[in-house]
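Reader: Hello! I'd love a close look at a single part of this protein, please.

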Amino acid sequence: MLREESSANIAGRSRAGSAGRGFFALVNLALCGLLLQGCMALQVRHPLPEHLQDQAEVENLPGIRAWGDALSESLELSAIESLKQEMAANHGKLEPEANFLALSGGGGDGAFGAGILCGWTEAGNRPSFKLVTGISTGSLIAPFAFLGPEYDAKLKEAYTTISDKDIYKVPGKLKLLLNLGRLEGVASTEPLAELLTHLIDDQMIQKIAAEHNKGRSLLVGTTQLDAQRQVIWNMGAIAASGHPDAPKLFRQVLRASASIPVAFNPVYIKVTAGGQEYDEMHVDGGVRAEVMLYEAALNLFTSQKKLGSLIPDRPRKLYIMRNAQVYPEYESIKPYIGDIGTRAISSLTKYQGVGDLYRIYVLAQRDGIDYNLAFIPKDFHPKRASEFDTKYMNEEFDLAYNLARSGYKWHKYPPGFEPLTPQPASGQQVQP
């Protein structure tokens, strides 16, 4: 859930930098503790063996997830079923166009995506989305975006009233030192778990199930760390399963998608394979990708060959919200390992995110999808006291809200890929 500058910002530094290194110093302490693990007790777990990767399922919930890097029969079947459900919900007809929304990671900068959505509603031309995907903080926005303007007030609440204490808690230094050998993460996301129970209540999950049954899809990405692979969770299918544990799993996946390794504890999800129960270690979806569409799990060309006329030939539009800056941001770095490490990791993550925008652009070109991108304006640089600085998030929400309310000009290309020749317009306004 934390954006690329997360560790430093939790420590209380602004975009311009500060002398405080509290949280990241604890992260460094934890990493040093790894050297001691050879002689200290480690967390006992029962990891899924490599040869059973493709057999693993959440018990009694088959077909609710897929690997992001391989064609998925279950996700393809779900896509086919969604078309039938859409026709049933619309008196035998499909909607004239299919709109997709992809929400990226970004931590507190999720206020940008929340503001765009709420302002888009005010503009009066926000579409209903056939598919909504989310990773990290984007996974927390996604359920609200999926349900539409009815949940704008709750979405705004989530990104303008919370602070760091609502997301994580850090143990005292003494406790941290005493538990180095068993450490899974510096901070606990128990507060986030409580927040999710409040924000994503059972009634909301039931509404997501109802929309899923009308042919709409909600997908969330996590990283299965043992396998180094992305897992795409079909959240609508989980909600609609009727399984008594579905609400718990739904929130568990959202929490996992926001759990940065080392900074936060991983989330263990129980699966069965070969008649045995195992635990999978899931962490922030941003480890694998900062934003996703349907990845390699679906291929429209393959599906069209199989299904022919069942796959409708209709306009498809993709709207991507990158909850981060995409251009270089200058900061004078102090010659300390924590500062250097933070800056290096934040740079790696930022440009991985930019690379994801190019990857999805290519996917959109292949599948005939109109590409539309939003990201935090280059000149937005207010100081922030911490990652989830309420004042900062309100400023960012208001900025995005006003941009969208007046008709956001979507970027048609990934950053730096804009045509060199003059174009009629640098972006495209959202059409009703």
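Which residues does Trp233 touch, not counting residues up to four places away in sequence?

Author: Happy to help! This is a predicted model, in which local features need pLDDT of at least 70 and side-chain atom pairs count only at pLDDT 80 or more, while totals for chains, interfaces and linings use all residues. Residues are numbered from 1 along each chain as its sequence is written, and side-chain values use heavy atoms, leaving out hydrogens and water.

Leaving aside residues up to four places away in sequence, Trp233 touches Val58, Ile64, Arg65, Leu218, Leu219, Val220, Thr222, Ile238, Leu249, Val253, Ile269 and His282; a contact means heavy atoms within 4.5 Å. Together with Phe250, Trp233 has the most contacts inside the largest nonpolar core, a set of 79 residues. Such a core consists of buried Ala, Val, Leu, Ile, Met, Phe, Trp, Tyr and Cys residues joined through side-chain atoms within 4.5 Å, where buried means under 20% relative accessible area (1.4 Å probe, protein chains only). Apart from that core lies another, of 30 residues, and Leu219, Leu293, Tyr294 and Ile369 are among them.

Now for the wider setting. Buried residues account for 56% of the 432 residues in the protein. Among contacts between residues at least 6 apart in sequence, 79% join residues at least 24 apart. The protein exposes about 18800 Å², with 56% of it supplied by carbon and sulfur atoms (areas by the Shrake-Rupley method with a 1.4 Å probe; for residues, only the protein chains shown count as cover).

Technical notes
Buried < 20%, exposed > 50% of the residue type's maximum accessible area, 1.4 Å probe, protein only.
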